[in-house]
Amino acid sequence: MVPILRKLPPNLGLRGYEVIDDAKTQLEAACPGIVSCADILALAARDSVVLTGGRSWLVPTGRRDGRVSLASETTDLPGFTESIDSQKQKFSAKGLNTQDLVVLVGGQTIGTTACQFFSYRLYNFNGTASSDPSINASFLPQLQALCPQNGDGTKRVPFDTGSENRFDASFFANLRNGRGILESDQKLWTDASTRAIVQRFLGITGLAAFNVEFGRSMVKMSNTGVKTGTDGEIRKICSAINS
């Protein structure tokens with residue numbers, strides 16, 4: 001969370017740093033040098049799910065913060081046009097499988113993205129001067145109204161149309177119905193290797209399964225590259241390494 005990573009293109013749309021900074025300030029006042037920013041982020045992610053109607057899970061703590069922030073680290077993040085094979089490779093490199101990929105992308109049941117990351121699908125998909133054929137025909141005009149051609153690319157649009165403030169499984173139903181916002185998300189339905197997993201999370205029973213699996217995948221992801229013991233540090237503020 002140091003400044004260089006905040007300012008790189010894959011992270012430009014992220015919000016809420018002030019919440020993490022406020023939590024860190026209060027924790028440092030109560031118990032200085034004890035709780036890492038990494039743990040605060042993991043706990044805040046869990047709490048945001050619970051506050052929006054999702055199921056809680058036990059978050060392992062004891063992480064320490066890293067001392068290095070490199071622009072090259074963001075190349076590990078899947079891009080918004082990325083193929084499923086490429087997404088799976090990036091997740092596999094972190095010890096995460098195909099189900100983890102689908103489940104964690106499903107976390108976009110809450111949150112927003114910017115027009116600049118998908119408006120090409122509405123007007124000039126792959127240089128065709130037409131829209132992405134995987135977009136539901138009745139949904140296309142809604143997206144075009146939200147993101148006019150040559151309009152404000154920074155305008156925020158919900159990932160999960162109609163349910164963006166509730167942690168549920170409607171994100172997967174939207175993929176089935178051709179209402180995915182990002183190209184990389186919609187590919188979870190159009191690619192046979194991930195469609196069966198998406199189908200598991202549809203409906204009432206699917207929601208129950210998604211809630212369970214999301215917690216498991218979040219723990220699995222948060223255990224990747226963990227620093228403990230004398231490795232790393234406990235940052236005094238989350239936006240910079242200790243001097």
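Start by selecting Cys37 and Cys238: these two residues form a disulfide, and their sulfur atoms sit 2.1 Å apart. Keep in mind as you click around that this is a predicted model.

With that pair still on screen, color the chain by position. Cys37 belongs to helix H3 (residues 37–51), while Cys238 lies in the segment after helix H11 (203–222), so the bond links distant parts of the chain, 201 residues apart. Now look along the link itself: the angle about the S-S bond is -95°, and the link of Cys37 and Cys238 is left-handed. Switch on a surface, and you can check that Cys37 and Cys238 are both buried.

How many disulfides does the structure hold? There are two, which brings us to the next stop.

Select Cys115 and Cys147. Their sulfur atoms are 2.0 Å apart, and the two cysteines form a disulfide. The link of Cys115 and Cys147 is left-handed as well, with -75° about the S-S bond. For the surroundings, show the ribbon: Cys115 is in the loop between strand E1 (112–114) and helix H6 (120–123), and Cys147 is in the loop between helix H7 (140–146) and strand E2 (156–158), so this disulfide ties together parts that are 32 residues apart in sequence. Are these two cysteines buried or exposed? Cys115 is buried, and Cys147 is buried too.

Display both bonds at once to see how they are arranged along the chain. Counting the bonded cysteines in sequence order gives the pairing 1-4, 2-3. Next, add Cys31, which takes part in no disulfide. Draw a distance from the sulfur of Cys31 to that of Cys37, the nearest cysteine sulfur, and you should read 12 Å. Cys31 is partly exposed, with a relative accessible area of 26%.

For the last stop, leave the cysteines and select helix H4 (residues 84–92) together with helix H5 (residues 98–105). The two helices pack at an angle of about 100°, and their axes are 9 Å apart. That angle makes H4 roughly perpendicular to H5.

Which residues of H4 and H5 meet here? Show side chains for Gln87, Lys88 and Phe91 on the H4 side, then for Thr98, Asp100, Leu101 and Leu104 on the H5 side: these are the residues that meet. Color them by class, and the contact of H4 with H5 splits into three nonpolar, two polar and two charged residues.

How values were computed:
Residues are numbered from 1 along each chain as its sequence is written. This is a predicted model: local features need pLDDT of at least 70, side-chain atom pairs count only at pLDDT 80 or more; totals for chains, interfaces and linings use all residues. Side-chain values use heavy atoms; hydrogens and water are left out. A disulfide is a pair of cysteine sulfur atoms within 2.5 Å. Helices (H or I, at least four residues) and strands (E, at least two) are DSSP runs, numbered from the N terminus. Buried means under 20% relative accessible area, exposed over 50%, partly exposed in between (1.4 Å probe, protein chains only). Axes are lines fitted to C-alpha atoms, for helices over the stretch in contact, and angles run from 0 to 180 degrees between N-to-C directions. Angles under 35 degrees count as roughly parallel, over 145 as roughly antiparallel, 65 to 115 as roughly perpendicular and the rest as oblique. Contact means heavy atoms within 4.5 Å. Ala, Val, Leu, Ile, Met, Phe, Trp, Tyr, Cys and Pro count as nonpolar, Asp, Glu, Lys and Arg as charged, and the others, Gly among them, as polar.
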